[in-house]
Amino acid sequence: MTVHYCRGKHLDELIVGDVYAHRPARTVTEADNVLFSTLTTNTRSLHLDAEFAPNQELGQRLVNSLLTVSTVVGLSVTDLTEGTTVANLGFAEIRFPAHVFIDDTLTAETGIIDKRLSAFRPGQGVVTFEHRGRNQHGGPVSTARRAALVLRASPAAGKSG
């Protein structure tokens, strides 16, 4: 008997054009922003200083944009890549159409943009995901394209990937 523990999707299950809406949502807290910013040594006052930020253009502390994109991508992991992704190959076209502030709640959806079999890694393929994040008002806050090396369900399954 073989037991499989996999929450993500294999290359064979991902269909170009499909969109996945990820839940639950994630509220970004002050602690999240402070911890992420300090761990990554981004000590910009606009992220960390509660006295400084209100006197700036945005009027409040801004959530670190890399925390925003990391959260949006992270929301997709359980649905799409847990146990099936070998490696991230790269990120491209990262955009932040709106700011995220402390206590904003982020939701995410991911579109399958492209996929192909790997020319060099039997049983694996390359998938291009487009991750899109929205705030609690439905406004877009982040988009990013990500290429990842993904396992096939079976190395012998099909030839088209």
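## What counts as a helix or strand

Helices here are DSSP runs of H or I with at least four residues, strands are DSSP runs of E with at least two, and both are numbered from the N terminus. With that in hand, one loop is easy to place: T41 sits in the loop between α1 and α2, the latter spanning 45–48. Please keep in mind throughout that this is a predicted model.

T41 deserves a look for its backbone as well. Its phi is near 55 degrees, a positive value in a residue other than glycine. Because its relative accessible area is 65%, T41 is exposed.

## The sheet and its order

Let us turn to the strands. Five of them form an open sheet in the order β1-β3-β4-β5-β2, with antiparallel pairing. β1 (19–27) and β2 (85–95) are at the edges and have a single partner strand each, so one side of each lacks a neighbour in the sheet. From one strand to the next, the twist averages 25 degrees.

A helix also meets this sheet: α3 packs on it, touching β1, β2, β3 (105–117), β4 (124–134) and β5, and the direction of α3 makes about 50 degrees with that of β5.

## Strand by strand

Starting at the β1 edge, β1 and β3 pair in the antiparallel sense over six bridges. H22 stands opposite A108 of β3. β1 also contains P24, which is joined to R23 by a cis peptide bond with omega of about 10 degrees.

Next come β3 and β4, which run antiparallel and are joined by ten bridges. Here T107 faces R134 in β4. The two strands form a hairpin with six residues between them, and G123 in the turn has a positive phi of about 80 degrees.

Moving on, β4 and β5 pair in the antiparallel sense over eleven bridges. V127 has A148 as its bridge partner in β5. These strands form a hairpin too, with five residues between them, and its turn includes G138, whose positive phi is about 90 degrees.

At the other edge, β2 and strand β5 (residues 140–151) pair in the antiparallel sense over seven bridges. A92 stands opposite R145 in β5, while T85 has V150 as its bridge partner in that strand. β2 is also home to E93, where phi is near 50 degrees, a positive value in a residue other than glycine. E93 counts as partly exposed, because its relative accessibility is 46%.

## How two helices meet

Helix α1 (residues 30–39) and helix α3 (residues 65–74) pack at an angle of about 110 degrees, and their axes are 9 Å apart. That angle makes α1 roughly perpendicular to α3. On the α1 side the contact is made by D32, N33 and F36, and on the α3 side by L66, L67 and S70. By class, the residues in this contact of α1 with α3 are three nonpolar, two polar and one charged.

## Nonpolar cores

Which residues make up the largest nonpolar core? They are L11, L14, Y20, L80, I112, V127, F129, A148 and V150, nine residues in all. β4 and β5 each supply at least two residues of this core. Apart from it lies another core, of seven residues, among them L67, V100, I102 and V141.

F129, a member of the largest core, touches residues from several parts of the chain. Leaving aside neighbours within four places in sequence, its contacts include L14, L80, I112 and A148. T81, T110, G111, I113, A144, R145 and R146 are also among the contacts of F129.

## A glutamine in β4

Is Q124 buried or exposed? This residue of strand β4 is buried, because its relative accessible area is 12% and buried means under 20%.

The surroundings of Q124 draw on distant stretches of sequence. Not counting neighbours within four places in sequence, Q124 is in contact with L11, V86, L117, S118, L149, V150, L151 and R152. Among these, L11 and V150 belong to the largest nonpolar core. Q124 and D12 lie 112 residues apart in sequence, and their C-alpha atoms are 9.7 Å apart in space.

Notes:
Residues are numbered from 1 along each chain as its sequence is written. This is a predicted model: local features need pLDDT of at least 70, side-chain atom pairs count only at pLDDT 80 or more; totals for chains, interfaces and linings use all residues. Side-chain values use heavy atoms; hydrogens and water are left out. Axes are lines fitted to C-alpha atoms, for helices over the stretch in contact, and angles run from 0 to 180 degrees between N-to-C directions. Angles under 35 degrees count as roughly parallel, over 145 as roughly antiparallel, 65 to 115 as roughly perpendicular and the rest as oblique. Contact means heavy atoms within 4.5 Å. Ala, Val, Leu, Ile, Met, Phe, Trp, Tyr, Cys and Pro count as nonpolar, Asp, Glu, Lys and Arg as charged, and the others, Gly among them, as polar. Two strands pair if DSSP finds at least two bridges between them. A nonpolar core is a set of buried Ala, Val, Leu, Ile, Met, Phe, Trp, Tyr and Cys residues joined through side-chain atoms within 4.5 Å. Buried means under 20% relative accessible area, exposed over 50%, partly exposed in between (1.4 Å probe, protein chains only).
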